[in-house]
Amino acid sequence: MWHNLGGRVVSAGEGRVVLEADLTEEAHGFPTRQGPIVHGGALAALADCALASAAATLATLAEVPTTASLSFDFYRPARPGRLVARAEARHRTSRLAYCHATVEQEDGTVVGEGRAVMYFVKVVPPPAQP
């Protein structure tokens, strides 16, 4: 999904991440009478990548976060171009992280917000090779 969105990490810290992606009309949108807009699924996918990344900053080496639930509220149509997702993990328990994200146009206009519960799955190390 990262490759499809053209996503990249701009900054990351404990419990926080900023991602950006170049969303195009051809790959992620469609035309309307008011001009091209980005498909909502692409916006939700960008938010999900940011939410999981924020949770990942709190993961140990023996676990990986997966999305247990995701909701996204669309405030206004997003235009093709560079979009920015800012996410933070607001609370972590032993197995869950509660996260929030905003998705903005390059000019800072917020086009939507998402929330997710991330579940930390234990990673099973591969067996040792003889």
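## A sheet, a helix and a shared core

Val 10 sits in strand β1, which covers residues 8-13. The model described here is predicted. Val 10 is partly exposed, because its relative accessibility is 46% and the partly exposed class runs between 20% and 50%. Beyond its neighbours within four places in sequence, Val 10 is in contact with Val 18, Leu 19 and Glu 20. Val 38 is another matter. Val 10 and Val 38 are 28 residues apart in sequence, and their C-alpha atoms are 21 Å apart in space.

**The sheet.** Strand β1 belongs to an open sheet of six strands. The order is β1-β2-β6-β7-β8-β5, with antiparallel pairing. Strands β1 and β5 form the edges, and each pairs on one side only. On average, neighbouring strands are turned by 20° against each other, direction ignored. Nine bridges link β7 and β8 in the antiparallel sense. Ala 97 has Met 118 of β8 as its bridge partner.

**The helix.** Helix α3 lies across β2, β5, β6, β7 and β8. Its direction is at about 140° to β5. Does the length of α3 agree with what is expected, or what else do its ends show? The 17 residues of α3, 40-56, should span 24 Å at 1.5 Å a residue, and the end C-alpha atoms are 24 Å apart, so the two agree. The helix is mostly covered, with 12 of its 17 residues buried. Among them are Leu 43, Cys 49, Leu 51 and Ser 53.

**The core.** The largest nonpolar core has 31 residues. Leu 5, Leu 43, Leu 51, Leu 83 and Val 103 have the most contacts inside it. Elements giving two or more residues to this core are β2, α3, β6, β7 and β8. The most come from α3, with 11 residues. Leu 43 touches residues including Leu 23, Phe 72, Leu 83 and Val 103.

**A buried histidine.** His 100 is found in strand β7, residues 96-105. His 100 counts as buried because its relative accessible area is 13%, under the 20% limit. The side chains of His 100 and Arg 90 are joined by a polar contact of 3.4 Å. His 100 also touches Leu 51, Glu 88 and Glu 113, among others.

The table sets the two residues side by side.

| Residue | Strand | Relative accessibility | Class |
|---|---|---|---|
| Val 10 | β1 (residues 8-13) | 46% | partly exposed |
| His 100 | β7 (residues 96-105) | 13% | buried |

Notes. Residues are numbered from 1 along each chain as its sequence is written. This is a predicted model: local features need pLDDT of at least 70, side-chain atom pairs count only at pLDDT 80 or more; totals for chains, interfaces and linings use all residues. Side-chain values use heavy atoms; hydrogens and water are left out. Helices (H or I, at least four residues) and strands (E, at least two) are DSSP runs, numbered from the N terminus. Buried means under 20% relative accessible area, exposed over 50%, partly exposed in between (1.4 Å probe, protein chains only). A polar contact is a pair of N or O atoms within 3.5 Å; within protein, one must be able to donate a hydrogen and the other to accept it, and residues adjacent in sequence count only if both atoms are side-chain atoms. Contact means heavy atoms within 4.5 Å. The expected span of a helix is 1.5 Å times one less than its number of residues. A nonpolar core is a set of buried Ala, Val, Leu, Ile, Met, Phe, Trp, Tyr and Cys residues joined through side-chain atoms within 4.5 Å. Two strands pair if DSSP finds at least two bridges between them. Axes are lines fitted to C-alpha atoms, for helices over the stretch in contact, and angles run from 0 to 180 degrees between N-to-C directions.
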